[in-house]
Structure formats: structure tokens, C-alpha cells
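Colleague: I have the sequence and the model open, and I would like to go through them with you. Could you take my questions one at a time?

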Amino acid sequence: MTATQSAQPAEPVMLRALLKTPPYRRTLLLCALVGIPVSLVCFWFLAGMHELQNLLWESLPNALGWDVAPWWWPLPLLLIGGIGVGLVVSRMPGAGGHVPAAGLGMGGASTKVLPGVVLAAAASLPFGAVLGPEAPLIALGGGFALLLRDLARGPSTPQATVLLGVAGAASAIAAIFGSPLIAAVLLIEVVGVGGPQLVAVMLPALLSSGVGALVFTGFGRWTGLQTGGLTIKLPGPVPRLDAADVGWALLLAVAVAAVLRQAVGVGQQVAVFTAKDTVARTTLCALGAGVCAAAYALATGRSPEEVASSGQAVMAVLASHPEDWGSGALVAVLLCKTVGYALCLGSMRGGPIFPALFIGAAAGVLAAPLPGLGLVPAVAAGLAAAGASVLRLPVSSAVMAILLVGAPGMTPVVILAAVLAMITTELVPGPPRPLSG
């Protein structure tokens, strides 16, 4: 028997031994229980952000006599939001959470930074920042799980702290994406461990996200409140893939990845720019994003909220009714939202995923009329490429795209698009990062 063969049974033995230890089983139980309150907190956080956004962008303009927000509406809102974020970042512990240009962070959850994370998100998302709710939600889930652990005087070992933080984050991810599967796959790629250690981390995360998804879904039905979950519904039957679909989709993936690579690079430059004189520079960048939304509304006659938002609600409308968008409006929304996204990535607080997915979906709708290319493969490839480019997690991005389009038959083109986008992102140089200091 070789050394490799003799070592193979070690991993199952280690996992069984870990499952038999009372501290780990207590942690599993605590993670299952944590999924319930964490999901409720996440529900109210998302519902609050959704209601505040509706108030600022729909109810208030309607009360003042406009059917939709006028073209200049994003300017005062993002001015106020930029001031609020700048004050939180410069004066509160944790600087309002991690900078979105750094990607999607899973670690660093703590109870001390929670107030700043919530306030920065409240000053960013409802006021029109081109960011999603996923990053503050992950921080909220992980931090609140640790807060519950402290209140219950649960185990405070380093292992238990990591497991509870990851479990809380998983419950939050399952809430916003509507699927515990996405939470599991994201954690597999983000945690980046293998063997029994991976299983040991994933079991509490899966348990918490599964329980949390049940509670989150049921609670929404009981209250009747909306949280703005990420869903799209493509019209018509799902076509079979052919050579033209694959060829065009791969070219689209390269284009989307190259554009988003530059956007993230600019966002990193903006983050360095706002590190000094934070309030003034954050306000200036937020106002720049507002100018992008106002310019889009002036040029197209459409609502400025289509640019000044995370894009999750608009993406659902775009995917289900692509005929309502002309090519000029699609080009305008892609240009303006990409610039606004880059500015917000380095200045405001939120998540990088939702606007990137919108950009990928809009690029797919724009490319769909190409000869031989259909709407479903184009949007699926755009979503996968956008996710892989921004997150640099190709498996998670592929799973996310497949679940969003609801077409397992698109799996081959989605995987190819995610991989090609990942390669493009790594090989295409971004803007040079300026020296700080």
C-alpha cells in the first residue's frame, strides 16, 4: 500500500471525529438557531432599504406632482448620500464597511462595526448609489450572528467565531439571492479550503442558510412587504444552443469582462482619491454618479433611477420586456451606469454584484439581435461574464447566472463565458493605481 493510499481514509476519520466533539455539535445547533434571527434582521434591513428607496424615488416625486422623478432628481439625493457616507466613513468604527472596489468580502464581521455599516448603507443604497445591498447584508449577517453568540454566552473559540460569522453571512446571502445554493457555492470559492476543513465550515453555513431561507421567504409572505430580491424572467421558450450562440456569447463575455475590469480599476483609483479629505471627495464622487443619472434621463427621456440604483428591479423589467428598450437607450444606460458604478465603487458603501449583473444583462439584450444570437444565451453569457469579472469567482458566477435565467440548457455557454471572462479579467491591464501619500 502506498503512502497516498494509506492517507486517503484520514479525511473521513477526521470529519467523523470532528462531528463527535461536543463543541462542534453545539456550534452546529447554534448556527441553526442563528439562521432564524439573522434572516429576520436581514428581511427588515432589505425591506427598510426598499421602502426608503420607493419613498425617495416614487412617492416623493408623485407627491410633488411628477409621474416619475425629474432628470435632476439624483443630484440632491446623491449629494445628501455622499455627505452621509463621508461622515460615517471618517468618524465611525469600521469606516462603514469594506470598500466595494475591493470585491465581495466575507470576513471581518464584528459587532463594533455594525452601526456604521447600516448607516453607510442607508446613506448609499436608497439615495441612488450604483451599488447592491449584498456587501452590507453579509456584514450585517455575520456581525449579528456574533452579537447573538455574545448575548447567549456561546463558545468564543477562534473556530466557533469563524463558523458563526460564516454561517451568518451565508444566511444573509441566501436571503438576498433567494437560494441557499448560491450561498454554499460562494462560500466554497471565497473560503478557499478543502477536505474536512471545507465540510466543517460548510455544514454550519448550509444549515444556517437553509433555515434562514425558509424563515425569510415565509416572513415576507406574512408581512406583505417587498425586499427587492434579485430575480429575472426571460420571455419565450428557451432555445437550443448552436454555433452562432456560442461564438457571439463568447465575444460578448470578453467585451463585458474588459469593460468591467476597467470600471473596477477606476473604482480602485477613486478609493485612493477619497481616502483623504473623505467627506468632500466622497460627496464629489457621489455627485458625479448623480450627474451620470441626470445625463441619462436628459438624453433618453427615461427615469434617472434606471442608472442611479443597484439595477435589480430594472434588470427584471429589462429582461422580461426587452422590446421596450431601443438600442440608443441601451447604449446610454450601459455608458452612464458603468461610469456611475466606477465612481460609487470607490466612494460609497454597498456591494459590487448587482450593478455588474445589470450591465451584463443589458449588454446581452443589446447584443441579442446579432445574427444567430438569441436573447436567452446572450443574457446568460452577459450575467456569467459580469459576475466572474467582478467577483473573480467563476463557479459562483456560473451558478448564479444559471439560476437567474432559469435555463439549465444554457449551462455550457454560461460556463464558457464565466471562464473566458475570468481569463480576460486577469490578462487585461486595468488603469494604473495612483500613488497615495
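Colleague: How many disulfides does a search of the whole structure find?

Modeller: This is a predicted model, and a search of the whole structure finds 0 disulfides. As a reminder of the term, a disulfide is a covalent bond between the sulfur atoms of two cysteines.

Colleague: Then which cysteine sulfur is nearest to that of C292, and how far away is it?

Modeller: The nearest one belongs to C336, and it is 5.9 Å away, with C292 in no disulfide. Since the two sulfur atoms of a disulfide have to be within 2.5 Å, that distance of 5.9 Å does not qualify.

Colleague: And is C292 buried or exposed?

Modeller: C292 is buried, because its relative accessible area is 11% and the cut-off for buried is under 20%. C42 also counts as buried, at 0% relative accessibility.

Colleague: Changing topic, what is the secondary structure of the protein?

Modeller: It comes to 17 helices and 0 strands. Of the 437 residues, 52% count as buried, and among the contacts with a separation of 6 or more, 80% are between residues 24 or more positions apart.

Colleague: Let's look at a pair of helices, then. At what angle do α4 and α11 cross?

Modeller: The axes of α4, which covers residues 74-91, and α11, which covers residues 278-300, cross at roughly 155 degrees and come within 7 Å. Angles over 145 degrees count as roughly antiparallel, so α4 is roughly antiparallel to α11. The crossing of the two helices is right-handed.

Colleague: Which classes of residue make up the contact of α4 with α11?

Modeller: By class, that contact has 15 nonpolar, 7 polar and no charged residues. On the α4 side the residues include P74, L78, I83 and V89, while those on the α11 side include V279, L287, V291 and A294.

Colleague: What about T338, where is it and what is it in contact with?

Modeller: T338 is in helix α13, which covers residues 327-347, and T338 is buried, with a relative accessible area of 14%. Leaving aside neighbours within four places in sequence, T338 is in contact with V259, A263, V333 and I359.

Colleague: One last residue: is A243 buried or exposed?

Modeller: A243, which lies in helix α10 (residues 243-274), is exposed, because its relative accessible area is 68% and the cut-off for exposed is over 50%. A243 and G372 are 129 residues apart in sequence, yet their C-alpha atoms are 8.4 Å apart in space.

Key
Residues are numbered from 1 along each chain as its sequence is written. This is a predicted model: local features need pLDDT of at least 70, side-chain atom pairs count only at pLDDT 80 or more; totals for chains, interfaces and linings use all residues. Side-chain values use heavy atoms; hydrogens and water are left out. Axes are lines fitted to C-alpha atoms, for helices over the stretch in contact, and angles run from 0 to 180 degrees between N-to-C directions. Helices (H or I, at least four residues) and strands (E, at least two) are DSSP runs, numbered from the N terminus. Angles under 35 degrees count as roughly parallel, over 145 as roughly antiparallel, 65 to 115 as roughly perpendicular and the rest as oblique. A crossing is left-handed if the near helix is turned anticlockwise from the far one by less than a right angle, and right-handed if clockwise. Contact means heavy atoms within 4.5 Å. Ala, Val, Leu, Ile, Met, Phe, Trp, Tyr, Cys and Pro count as nonpolar, Asp, Glu, Lys and Arg as charged, and the others, Gly among them, as polar. Buried means under 20% relative accessible area, exposed over 50%, partly exposed in between (1.4 Å probe, protein chains only).
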